[in-house]
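Visitor: I'd like to learn how to read a few features off a model. Can we start with charges and rings?

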Amino acid sequence: MNIMEELIASAWSIYRVLNNGPASLKAAGNDILALLSSLGLVADQLRAYEPSRVENRSLRERQNGCDLLLEELENALARSRISTGVPEDIAGLRSQIVEETNQITSFLETLRRSSQARILEVLNEIRDDKPEELRQTLGTNWIVLEAEMIRLGLEKRSIDAEFFFIRNWLGDNCSTSNGVVENEDLPDYAPGAHRGTIEEKVQELEQTNLILTQSSTEIAATLYTIDPPPYTFEEGSDEFSDGQFSQYIQNAIRQEASHRFTSALANPPVGPRPWDWLPLALRPQYKDLDNVNKTMDSQSFSVMAYETMPRCAAEIERLKRLMKNSFDRKQRGGEEVNSEAFKSLEIMSAAISCFALLQDQNPQNVQYFSDLDILDYEYSTAIVMDPHIEFPHKELELIRKSCYQLLTYVMGFLNALSSIYVGRTYVSRSDEELDLEWKSLRLSTRVAWVEKQLAEWTTVENTIAHCRQTHRMQPYIRSAALKALDGWKTAERVLVGDEVDNIKLIVISATGLPNMKRTWVKIVYYGPNNHGGARRMFEGRTAVAQRSMNPFWRAPFDISAECNSKMIHLEVYEEGGIMDKEIGRVKLFFSSIRGMEASFVDRSLLYDYDEEIDLPLVIAGGKGKETAQPTIKVALCWKGRRTRVQERGLPSNPPGKMFRPELISTLPIEHYDKPISIRSSTKSER
């Protein structure tokens with residue numbers, strides 16, 4: 001397990017690099033994410049099941065193969081840091097990532113089959129050895145059944161991991177007269193509300209619409225002054241998503257991500273973009289920035305309403321045409337056998353239509369961007385400047401979760417249905433095969449789950465109305481968000497070093513000089529030139545110390561360092577009659593990578609610093625030989641860039657969901673052309 005955890009940690013590290021890289025690396029990042037999912041499932045299975053020697057050998061082979069692949073990726077990424085563009089070897093490794101993912105998935109299925117075989121032995125033993133009355137008790141009482149399985153040698157972790165497999169076995173072998181397993185005693189089970197008839201649902205919807213259209217002013221005031229309608233998620237509410245159906249959901253999610261990625265490459269301006277909530281004049285300033293997200297999250301309201309929903313609707317229509325054409329050709333009772341499939345598509349179509357409510361209700365806003373996302377983006381940006389802004393956190397998050405849960409469930413159902421009704425214009429399977437596949441996937445149960453969500457959907461609609469009304473009555477959120485963005489522009493200039501860093505450097509003393517002479521120290525500051533090199537911009541000196549091998553100066557210098565400063569030299573001289581002689585020197589380097597690093601003597605310029613440090617003095621010997629022996633003590637003190645930003649009341653990180661969560665951005669700003677001043681201060685001035 002330790003090796004597996006190390007592989008997962010390494011894969012996560014590579015995924016974060018790829019995900020934060022240029023758009024051309026996103027495809028490889030998605031492949032790594034699929035690999036991570038498979039590794040996580042294997043790790044979970046190994047916690048619940050002890051593999052055999054043969055399986056351990058296969059596990060080691062997979063671990064070694066995955067380790068080599070990740071090492072190749074790390075090397076490719078290392079090479080990409082010193083080259084322009086995307087190295088071809090990263091693109092070439094994509095097929096290896098997919099192949100490794102497939103092999104790990106196959107190994108996972110092998111592990112599950114072995115675990116399930118052992119569970120089947122125990123379940124069959126319980127069924128064969130117990131009388132009928134006790135078998136019925138075990139079939140309806142999970143706690144009793146679990147205790148019996150543990151008594152017969154199964155581990156609780158293994159039982160929990162294969163919960164849905166065991167429940168399906170109970171449904172086939174210990175079902176009640178109506179063929180439904182009684183689930184009241186299963187863990188974390190809470191029966192939902194009774195599903196009313198279609199007529200009752202229509203009547204309830206008409207009444208809700210009537211209330212919302214009458215006395216809109218009074219209703220709006222009520223929605224804002226009282227708590228929003230309660231909406232509670234059930235833990236494990238997706239009760240019927242067993243392992244097989246979960247795979248269909250995950251496949252549908254991956255296919256949707258691939259569709260979005262391909263569409264963005266083919267036609268980038270189409271679809272919602274993270275900066276579309278801004279005023280029209282501001283959008284060009286942000287769309288090309290490296291630290292701004294290029295695509296919306298798959299769980300955003302805009303993506304669900306304007307991208308995923310239309311694709312699901314098109315897939316529903318395709319399946320309808322496919323089945324109708326197939327049954328017309330067969331001319332033999334197929335429509336009767338598969339009438340449930342037609343009804344299920346109508347229910348899925350009704351579920352998809354619910355997502356039209358997420359579309360922008362204000363025609364003055366930008367196309368393809370939900371006003372709920374506008375609220376979310378405005379608040380996440382404004383809260384940086386004003387953390388006390390009132391905002392319906394829980395309500396908006398519940399809307400997001402409920403919508404995404406229903407949408408992905410419908411996507412998984414359509415994916416499963418497509419695996420049954422294979423083809424573009426005609427289904428060649430027999431009626432018996434279609435009926436068997438339908439029942440084996442338990443699609444009737446999936447449809448019932450969707451119907452249950454639709455029966456309770458008015459609660460979600462009322463919560464959406466509450467959030468929109470809150471947004472309308474808080475226009476200052478938008479102005480606060482725009483103020484935060486304006487403040488970030490100024491803060492970014494400070495964080496990337498476009499404003500000078502004021503450094504106080506105090507030359508205190510030296511220890512272990514080779515001769516007892518009168519000594520002094522020269523300080524030389526090297527700033528940037530126009531060609532990326534260094535140029536001497538100022539030099540100063542301390543007073544001459546008394547004769548000593550451990551001289552003391554305590555001479556302060558105030559340095560205003562530009563962006564891309566190079567170094568400071570401290571040169572120790574002994575006083576001579578005609579010419580002073582250099583004893584030794586030490587170089588203090590600046591380090592700056594725009595948007596990533598800013599330091600002086602390996603101390604970050606982002607944070608406050610006030611310490612004394614001892615530096616090795618390189619002694620100039622005969623014929624160029626240098627020996628590091630004595631030390632020179634200096635004190636360094638500066639106010640960090642983050643502190644300066646906070647003192648001015650500016651955001652110290654990119655504000656809001658529009659930005660990537662990075663430390664420093666890379667906004668291209670011209671540097672100041674101000675002179676560098678270094679002056680020797682007296683004790684009274686300090």
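Guide: Sure. A charge sits over a ring if NZ of Lys or CZ of Arg is within 6 Å of the ring centre and within 35 degrees of the ring normal. Here R541 lies over the face of W520, at 3.6 Å from the ring centre. R446 does likewise over F245, at 4.4 Å from the ring centre. Some ground rules: this is a predicted model, where local features need pLDDT of at least 70 and side-chain atom pairs count only at pLDDT 80 or more, while totals for chains, interfaces and linings use all residues. Residues are numbered from 1 along each chain as its sequence is written, and side-chain values use heavy atoms, with hydrogens and water left out.

Visitor: Which ring forms an aromatic pair with F245?

Guide: Rings of Phe, Tyr and Trp (its six-membered ring) pair if their centres lie within 6.5 Å; planes under 30 degrees apart are stacked, over 60 edge-to-face, and the rest tilted. A search of the whole structure finds 15 such pairs. In one of them, F245 meets Y409 in a tilted arrangement, 5.1 Å centre to centre with 55 degrees between the planes. F245 lies in helix 12 (residues 243-266) and Y409 in helix 18, so the pair ties together parts that are 164 residues apart in sequence. Helices here are DSSP runs of H or I with at least four residues, and strands are runs of E with at least two, numbered from the N terminus.

Visitor: Are F245 and Y409 buried or exposed?

Guide: Buried means under 20% relative accessible area, exposed over 50%, partly exposed in between (1.4 Å probe, protein chains only). Both F245 and Y409 are buried. As for helix 18, 20 of its 28 residues are buried, so the helix is largely enclosed by the rest of the structure.

Visitor: How many cavities does a search of the whole structure find?

Guide: On a 1 Å grid over the protein atoms alone, a cavity is a set of points where a 1.4 Å probe fits but cannot get out; lining residues have an atom within 4 Å of a point. Points are joined across faces, edges and corners, and a volume is the space filled by probe spheres set on them. The search gives three cavities of 30 Å³ or more, and the largest has a volume of about 70 Å³.

Visitor: Which residues lie nearest the centre of the largest cavity?

Guide: Of its 13 lining residues, those are E562, N564, S592, L605 and R641. Strand 6 gives the most to that lining, with three residues.

Technical notes
On a 1 Å grid over the protein atoms alone, a cavity is a set of points where a 1.4 Å probe fits but cannot get out, and a pocket is an open set with protein on both sides within 12 Å along at least five of seven lines; lining residues have an atom within 4 Å of a point.
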